[in-house]
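The following exercises concern a single protein model. Please work through each task with the sequence and the structure at hand before reading the solution.

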Amino acid sequence: DATHYNFSAGTTYTGPTTYTSGTAFDPITDLPLQFGTFANPTGTQAYTIRVFDNSDDCYKDETVVLSEMDCCLKPVCLPISFTKK
């Protein structure tokens, strides 16, 4: 069972190669994994996640691609009319 993970930017893992340098997790209680807050990329940004199985030489790499999100919603102005009575 997987015990630690780490990640690096790009399509090839370039981070630390020892499982003890990764973040420990319990696959029974800590899934899905949370990676904190990534900056909103301009265009797309690939990240390669390495999941270790309690050993330096037993791991699986998975690449994910984050796409730019339009997070700034423009205010919407609704027409309002008042009638004086």
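**Exercise 1.** Determine in which sense strands S3 and S4 pair, and over how many bridges.

Solution. Step 1: strand S3 covers residues 44-52 and strand S4 covers residues 59-67; strands here are DSSP runs (E, at least two residues) and helices are runs of H or I with at least four, numbered from the N terminus. Step 2: two strands pair if DSSP finds at least two bridges between them. S3 and S4 pair in the antiparallel sense over nine bridges. Step 3: one bridge joins Tyr47 to its partner Val64 in S4. Step 4: six residues lie between the strands of this hairpin, in which Asn54 takes a positive phi near 60°.

The model is predicted, so that local features need pLDDT of at least 70 and side-chain atom pairs count only at pLDDT 80 or more, while totals for chains, interfaces and linings use all residues. Residues are numbered from 1 along each chain as its sequence is written, and side-chain values use heavy atoms, with hydrogens and water left out.

**Exercise 2.** State how strand S1 pairs with S3, and place this in the pattern of the protein.

Solution. Step 1: S1 and S3 are antiparallel, with six bridges. Step 2: Ala9 has Tyr47 as its bridge partner in S3. Step 3: the protein has zero helices and four strands, and its pattern along the sequence reads β-β-β-β.

**Exercise 3.** Explain why the rings of Phe7 and Tyr47 are classed as they are.

Solution. Step 1: rings of Phe, Tyr and Trp (its six-membered ring) pair if their centres lie within 6.5 Å; planes under 30 degrees apart are stacked, over 60 edge-to-face, and the rest tilted. By this rule there are three aromatic pairs. Step 2: the ring centres of Phe7 and Tyr47 are 6.3 Å apart and the planes stand at 75°, so this pair is edge-to-face. Step 3: because Phe7 lies in strand S1 and Tyr47 in strand S3, the pair ties together parts that are 40 residues apart in sequence. Step 4: accessibility is called buried under 20% relative accessible area, exposed over 50%, and partly exposed in between (1.4 Å probe, protein chains only). Phe7, at 29%, is therefore partly exposed, whereas Tyr47, at 14%, is buried.

**Exercise 4.** Is His4 buried or exposed, and which residues does His4 touch?

Solution. Step 1: His4 belongs to strand S1. With 13% relative accessibility, His4 counts as buried. Step 2: a contact means heavy atoms within 4.5 Å. Leaving aside residues up to four places away in sequence, His4 touches nine residues' worth of neighbours named here in part, including Tyr19, Phe25, Arg50 and Phe52. Step 3: the side chains of His4 and Thr3 make a polar contact at 2.8 Å; such a contact is a pair of N or O atoms within 3.5 Å, where within protein one must be able to donate a hydrogen and the other to accept it, and residues adjacent in sequence count only if both atoms are side-chain atoms.

**Exercise 5.** Which residues does Asn6 touch, and is Asn6 buried or exposed?

Solution. Step 1: Asn6 is found in strand S1, residues 4-9. Step 2: its relative accessibility is 15%, so Asn6 counts as buried. Step 3: not counting residues up to four places away in sequence, its contacts include Tyr13, Pro16, Thr48 and Arg50.
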